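I opened this notebook to keep a record of what I looked up, one topic at a time. The sequence and the structure come first, and my entries follow.

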Amino acid sequence: MMSNAKERLIIVAESNLDIAQNITHYLADHGFSNLQIAQDTSSVYETLRPYYRHPEKVGILIISEHLPECRIADMCKALAGAQDAYTVPMIILGTQYKQSLEYESDTLLDRAQANGLIYHLELPLNKAELLMAIHFQLAIKRERRLRYMNEELLTNELAERKVVDAKLKYLIAHDELTGLLNRQNFERHLWIILKRNKKLPKNGALLYIDIDRFSLINELEGYKVGDRLIVEVVTAIRMLVNKTYSFTRIGSDEFCLYLDNQSADDTHQFAEKIRKALDEFRFFVDDVVYNSTVSIGIASLLQNDKTIYHPSDLISRARQACRMAKENGRNMVWEYNDTDSGVLERQHDVYWAPLIRKALIDARFFLVFQPVIDLHSERISHYEVLLRMKGKDDNETISPTIFIPVAERMGLIHSVDLWVVENAIDYLAALPDFMAHVSLAVNLSSVAFQDKSLFYLIKDKLKMTWVDAGRLMFEITETAAVDNFEQTRNMILQIRALGCKFALDDFGAGFCSFNYLKKFPVDYIKIDGQFIQNLINDETDQVLVRSIVEIAAKLGKKTIAEFVQSPDVVAKLQEIGVDLAQGYIFGKPEKTLQASNVISIYRLMQNAQMND
Ligand code: C2E
Ligand code: CA
Ligand code: CA
């Protein structure tokens, strides 16, 4: 087993003996037993010599940047092992070395920095912070070595007590994991800048940095590895950052960096530098290597005509620009621009998301029903349930084409799905006995099956209300079904086992894969409206609809045509052999149902035309 970390050699390289002793005494008080002072560069080498064959016994070099005749890059070379696992980490005391590093390009040094082997502490020294840094470096070093030695212990190491303890002691103003400013402090800082700016406008910019595909690594490797990635990314960025910039962790994998008094060009170049550094950065998890990139959004203070009054305005703009960077392919720098269409979309989302949340709570959603006709019996088969939202005044109705995409992007769609299912079942339960034949088709989004909550809701609700499961059908789009094939398939099987039916919606709108059709356990195929609208005049559409009908018949599934708007189309569909149809010709979505299902399609068509 490995020796106790506190027994490893710690060298304090500092020419001023008082300062050096002050540090060693402090560390001795905290249990470190092998402490040596070196007052110049050659004594550092001298001290290290006996350990030449036992690099694992060397812990850390704490080095002042003022150490006579010392070039950090050379020292780094001297301390480098064949593997990072054997490289001695350094804690550098002082602020100036960074500027010099800008000119000292050295691959070994770069690598050490990128791998977090160099830690930087400002003067005057905060000893608690030093202790934290030592624990942190030793833990990282130990973890690297464990990884190198392929020991299983590895994964839990970083989060192990020591590191956590050390981090907890760190100032409250900082983010626990990364040691960066926390959001509150950061915003306070921005307040001051914004206030000052009102009197004396100066340029400055906010960078919003987001780790690309962080959630993927978090999911694949677990949150502890995710935490380590965050720490390593922060370390890599820190190496490039001037101490006068304020740097904060604003979300789990999102960071903000405020650059004071910088021109737009400089800001862009600097952001590019960060992006590039991380593009070259590699993250190791056992023997898997990840290339972990970042997307960066920039919001400048003076660039925008609208004055920014609040820190959150600036942060929100930079975040929007960052989203644009992500949407345009990630690993990219993007400057905020008022007219970006993506930004407009975000504004749309930001406007609608709270209204959706409110609608869920305050019963501002309601359901409408559109009849679906059985073309063989020429009677109503069932109704499709469609969602509506009440507008500002209660008479205004908002279309789902406005709020459903927002709900999808903003993570609200799952709640919306649950709401619709619950209310549709309640609706069935409340119908009078003479309407007990009525059944409903409910639309589900692509994320409906991401967990089992919907399944349990359906099951429990049906049980509680005594509604027959056969009266409930679900429509799921082809794209959604294909997206998450196995999971969706399993869930459909389970819900069908309860007795509910399924339809594949918008068939043909995506990639129209007959291949999937075979494997999907659905009862109905809903042919997308775009193939129906011009059915009479468009021969290609006719061919397509015919072949869908043929294949569906072979697979034992029924077909539904949507967007049926004229009697000619009804006749054509009957000729082709489509089983069911829906469209304005039979009726628009209404708040109430037809009182009778024996009403013929001709009466329906007449009624619909009269209502037009
Ligand atoms: P969808 O599932 O394809 O629903 C059919 C849409 O076509 C409905 O629009 C319906 O009103 C409209 N429609 C039906 N017949 C005709 C016709 O003959 N002519 C024309 N021009 N339109 C017709 P709506 O209600 O605006 O819904 C739009 C989409 O929003 C739906 O497309 C569906 O994807 C989504 N949606 C609606 N309600 C819900 C819901 O409760 N949950 C979820 N997840 N999505 C919903
Ligand atoms: Ca539908
Ligand atoms: Ca559809």
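The entries below go from a metal site to a ligand and then to a strand.

**Entry 1, the metal site.** I kept in mind throughout that this is a predicted model. I began with the question of which residues coordinate the calcium ion (ligand 3). The donors I found are Asp505 (OD), Asp506 (OD) and Glu562, the last of which is listed with OE twice, and the distances run from 2.2 to 2.6 Å. Read along the chain, the donors of this calcium ion (ligand 3) follow the spacing D-D-x55-E. I then placed two of the donors in the secondary structure: Asp506 belongs to strand β18 (residues 501-507), while Glu562 sits in the loop between β20 (558-561) and α22 (567-576), so the pair ties together parts that are 56 residues apart in sequence.

**Entry 2, cover at the site.** Are Asp506 and Glu562 buried, partly exposed or exposed? I noted 26% relative accessibility for Asp506, which therefore counts as partly exposed, and 10% for Glu562, which therefore counts as buried, the cut-off for buried being under 20%.

**Entry 3, the second calcium ion.** I also looked up the distance between the calcium ion (ligand 3) and the calcium ion (ligand 2), and it came out at 3.9 Å, with Asp505 coordinating both.

**Entry 4, ligand 1.** Asp505 turned up again here, since a polar atom of its side chain lies 3.1 Å from an oxygen atom of ligand 1. I asked which of the 23 residues around ligand 1 come nearest, and I wrote down Gln370, Arg388, Asn443, Gln565 and Tyr584. For Gln370, I found an N or O atom of the side chain 3.0 Å from a nitrogen atom of the ligand, and for Glu384 a side-chain N or O atom 3.4 Å from an oxygen atom of ligand 1. Taken alone, ligand 1 exposes 790 Å², of which the protein buries 84%.

**Entry 5, strand β3.** Finally I turned to strand β3 (residues 58-64), and I asked how many of its seven residues are buried. The count was seven of seven, and I recorded the strand as mostly covered. I checked its partners next: β3 pairs in the parallel sense with strand β1 (residues 9-13) over five bridges, and also in the parallel sense with strand β4 (residues 90-93) over four bridges. In the pairing with β1, Ile10 stands opposite Ile60 of β3, whereas towards β4 I found Ile62 opposite Ile91.

Notes
Residues are numbered from 1 along each chain as its sequence is written. Chains are lettered from A and ligands numbered from 1 in the order in which they are written. This is a predicted model: local features need pLDDT of at least 70, side-chain atom pairs count only at pLDDT 80 or more; totals for chains, interfaces and linings use all residues. Side-chain values use heavy atoms; hydrogens and water are left out. Donors are N, O and S atoms within 2.8 Å of the metal (3.2 Å for Na, K and Ca); water is not among the atoms, so sites may look incomplete. Buried means under 20% relative accessible area, exposed over 50%, partly exposed in between (1.4 Å probe, protein chains only). Two strands pair if DSSP finds at least two bridges between them. A residue is near a molecule or strand if one of its heavy atoms lies within 4 Å of it. A polar contact is a pair of N or O atoms within 3.5 Å; within protein, one must be able to donate a hydrogen and the other to accept it, and residues adjacent in sequence count only if both atoms are side-chain atoms. Accessible areas come from the Shrake-Rupley method with a 1.4 Å probe; for residues, only the protein chains shown count as cover.
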